[in-house]
Amino acid sequence: MKDKTIQLAIVLLTVLGGLFIQSLFTTAQHCNNRYKIENAFFENSKHAVEKYDGIRRRSLLKPLKLSTNTYDDDVLSAGNSIIPTKENATLLMLVRNFELSGALKSMRSLEDRFNRDYHYDWVFLNDLPFTQEFMEATTAMASGNTHYALIPSEDWDRPNWIDEQLFEDRLELLRDRGVLYGGSKSYRNMCRFNSGYFFRQKILDSYDYYFRVEPDVEYFCDFPYDPFKLMRHNKKKYGFVISLYEYEDTITTLWDTVEEYLDTFPDDVAMVNNSYNFITDSGIIGKFSPIIDSNTDYNLCHFWSNFEIGDLNFFRSDRYKRFFDFLDSKGGFHYERWGDAPVHSIAVSLLLNRDEIIHFDELGYFHAPFSTCPTSYYLRLQQRCQCDAQAASNIDISPNSCLMRWWKNGDGKRFLKDNQTN
Ligand SMILES: Nc1nc2c(ncn2[C@@H]2O[C@H](COP(=O)(O)OP(=O)(O)OP(=O)(O)O)[C@@H](O)[C@H]2O)c(=O)[nH]1
Ligand SMILES: *[C@@H]1O[C@H](CO)[C@@H](O)[C@H](O)[C@H]1NC(C)=O
Ligand SMILES: *[C@@H]1O[C@H](CO)[C@@H](O)[C@H](O)[C@H]1NC(C)=O
Ligand SMILES: [Mg+2]
C-alpha cells in the first residue's frame, strides 16, 4: 500500500515535472518567436527610416521629383529654404457665422499641415457682420493675424437691373429640375461675388496672393513647400488640386456668352499658349470616353474653386474685369446659376499661358464629396498623409475627373500630348 502510494507520487511528480519542463520550453519558444518577430519589426522600421532618409538625403543634392504631374523640375525646390520667409499673401475664407465649427476644422487642418510654420494672415469675409464669438474662436485658432471684413451690399446683392419676374421664374425652373442650389438666391450672390468681387475687397489690396479656404475641408498631407513661394518663383498665377465636369444645367448659356466675349475682345486672349484645348477638347482620353455630353464646345471641365491659390493682380487686371463684366452683363449669375468655378476656370484657361497654371498634386485635399491624395507611397509617408489613394472619393481615379485632360492639354504630362497641341 505504501509502495503504491510512493509509486503514484513518483508518477505524478514525473508527469508534473514533465509538464513544467514542457511549459518552460514552450515559454522559451514563445519568447524566441516574439523576439524574432520583433526583430523583424525593428529591421522593417529601420529599413523604412533609411528609405525615408534616402528621400531627404537626395533632396540635399537635387530635389527628387516624386509624384508630380506638372513636370516642373523646380516644384519641390522652391520651398526648400531653411528659414521660412513669408510671401505677400493671405489665407482667405468667405464664411457665415453659423459655419464656425466647420471654419475651425478647416483652419486647424491647414494650420497643422502648413501655416504653423509660416503664420500667414487669415482674412475672413462675410455679407453680414461677424459675431464676437466667431472672431474670438478663429483668432485663437490662427497662427497668424486675423482680419475681418464686411462685404458692401453693392458687391454682394443682386443688381437692380436684374428682372425680378424673370429671376423668380428661372429660380423655380432650376429648383424644379432638381439642380443643386438651383432655387437658392444667396448661393447665386456667393457665386457672383466669388467670380467678380472678392478681389476688389479693400482688405485684399495689401496682398499679392490668396489661398481660398472653405469650411469643412481637410488637407491630408504636410505641405512639402510654401505654395505661395512656389507660385512666385515659377511665375504661376493660378493653382488647383481637383478638376472635374460642371453640371450643364447651371450654365446653359455661359459658353455662348464666352464666345461672344471672344469676338468682342480678341486681343485680350493670349491665343498662343493658352489652355483653350483643355476646356474644349472632348475626344476620348485614357480608358474613358467623356461621360458628360455637352451641348456646346465647352467640355464642362473646370478647376474646383473651393481650393484655389491665385494671383490677386491677375484678377484685379483690366483684362479679367472686362471678362467678368461682359459675363455679368448677361445676367447669367442670376437667371441661370453660373458658378465661380467654371468662370474662373474659363478665364484662366483663356487669359493665361498654360504654364502659368499649376496643378498641386502633392497636397492631399478633401471637400465633400471628392478628395485627392498623392499617388506616390513614399511621398505619402514623407508628408505624413492621412488619406487612401484608392478611396472611392478620390476623384483622380474616377471618370468624373478632368485631370487627364489637363495632363494632355494643359501644362501637364507631355507624353500625352500630340504635336499639334504642344
Ligand atoms: N458670408 C457668406 N458666405 C457664404 C454664403 N453662401 C456661401 N458662402 C461661403 O461660400 C463658400 C461656398 O459655399 P458652399 O456652401 O460651401 O458651397 P459649395 O462648396 O458649392 O457646396 P457645399 O460645400 O457642398 O455646400 C463657403 O466658404 C461658404 O461658407 C453666404 O450667403 N454668405
Ligand atoms: C504686397 O502686395 C500689394 C498688392 O500688390 C502691394 O501693394 C504691397 O506693396 C505689397 N507689399 C509688399 C511688402 O511687398
Ligand atoms: C509659347 O510656347 C512656346 C514653346 O514653349 C514658347 O517658345 C513661346 O515663347 C510661348 N509663347 C508665349 C506667348 O508665351
Ligand atoms: Mg463648400
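## Exercises with worked solutions

Asp216 counts as partly exposed because it has 16 C-beta neighbours inside 10 Å; a residue is buried if 20 or more other C-beta atoms, placed from the backbone, lie within 10 Å of its own, exposed if 12 or fewer, and partly exposed in between. The structure is a predicted model, in which local features need a pLDDT of at least 70, side-chain atom pairs count only at pLDDT 80 or more, and totals for chains, interfaces and linings use all residues. Residues are numbered from 1 along each chain as its sequence is written, while chains are lettered from A and ligands numbered from 1 in the order in which they are written.

### Exercise 1: Confidence and composition

State what pLDDT the protein chain averages, and where the pLDDT is below 50.

*Solution.*
- Step 1. The average pLDDT (the predictor's confidence in each residue, from 0 to 100) of the protein chain is 88, and 87% of the residues score at least 70.
- Step 2. Residues 57-81 form a stretch with pLDDT below 50, and this stretch has 48 contacts in the model beyond near neighbours in sequence. Two residues are in contact if their C-beta atoms, placed from the backbone, lie within 7 Å.
- Step 3. Predicted coordinates should not be read in detail where pLDDT is low.
- Step 4. The protein chain has 422 residues, of which 38% are buried. Its secondary structure consists of 15 helices and twelve strands, taken as DSSP runs numbered from the N terminus (helices H or I, at least four residues; strands E, at least two).

### Exercise 2: Strand β1 and the core

Determine whether the two faces of β1 are covered or open, and identify the bridge partners of Leu91.

*Solution.*
- Step 1. β1 spans residues 89-94, and six of its six residues are buried.
- Step 2. One side carries Ala89, Leu91 and Met93, the other Thr90, Leu92 and Leu94; both faces are covered.
- Step 3. β1 pairs with β4 in the parallel sense over four bridges, where two strands pair if DSSP finds at least two bridges between them. In β4, Leu91 has Phe211 as its bridge partner.
- Step 4. Five bridges join β1 to β2 (residues 121-126), again in a parallel run, and in β2 the partner of Leu91 is Trp122.
- Step 5. Leu91 and Met93 are among the residues with the most contacts inside the largest nonpolar core, which has 83 residues. Such a core is a set of buried Ala, Val, Leu, Ile, Met, Phe, Trp, Tyr and Cys residues joined through C-beta atoms within 7 Å. Helix α13 (residues 340-351) supplies the largest share of this core, seven residues.
- Step 6. Residues up to four places away in sequence aside, Met93 touches Ala103, Trp122, Phe124, Val213 and Glu214.

### Exercise 3: The loop between β4 and β5

Explain why Val217 is classed as it is, and find which residues it contacts.

*Solution.*
- Step 1. Val217 lies in the loop between β4 (209-212) and β5, as does Asp216.
- Step 2. Val217 is buried because 20 other C-beta atoms lie within 10 Å.
- Step 3. Phi of Asp216 is near 65°, a positive value in a residue other than glycine.
- Step 4. Beyond neighbours within four places in sequence, Val217 contacts Ser106, Asn306, Tyr365, Phe366 and His367. Val217 and His367 are 150 residues apart along the chain, yet their C-alpha atoms are separated by 4.8 Å.

### Exercise 4: A three-stranded sheet

Give the strand order of the open sheet of three strands, and name its edge strands.

*Solution.*
- Step 1. The order is β5-β11-β12, with antiparallel pairing.
- Step 2. β5 (218-219) and β12 (370-372) are the edge strands, each pairing on one side only.
- Step 3. β11 (residues 365-367) is joined to β12 by three bridges; Tyr365 has Thr372 as its bridge partner in β12.
- Step 4. Pro369 is in the loop between β11 and β12, and the peptide bond from Ala368 to Pro369 is cis, with omega near 0°.

### Exercise 5: The ligand shells

Determine how the residues of the shell around ligand 1 divide by class, and which residues surround ligand 2.

*Solution.*
- Step 1. Residues around ligand 1 include Leu94, Arg96, Glu214, Asn306 and Ala368; a residue is near a molecule or strand if its C-beta atom, placed from the backbone, lies within 6 Å of it.
- Step 2. The shell of ligand 1 has five nonpolar, three polar and four charged residues. Ala, Val, Leu, Ile, Met, Phe, Trp, Tyr, Cys and Pro count as nonpolar, Asp, Glu, Lys and Arg as charged, and the others, Gly among them, as polar.
- Step 3. Ligand 2 is surrounded by Asn88, Ser206, Tyr207, Asp208 and Asn313, divided into one nonpolar, three polar and one charged.
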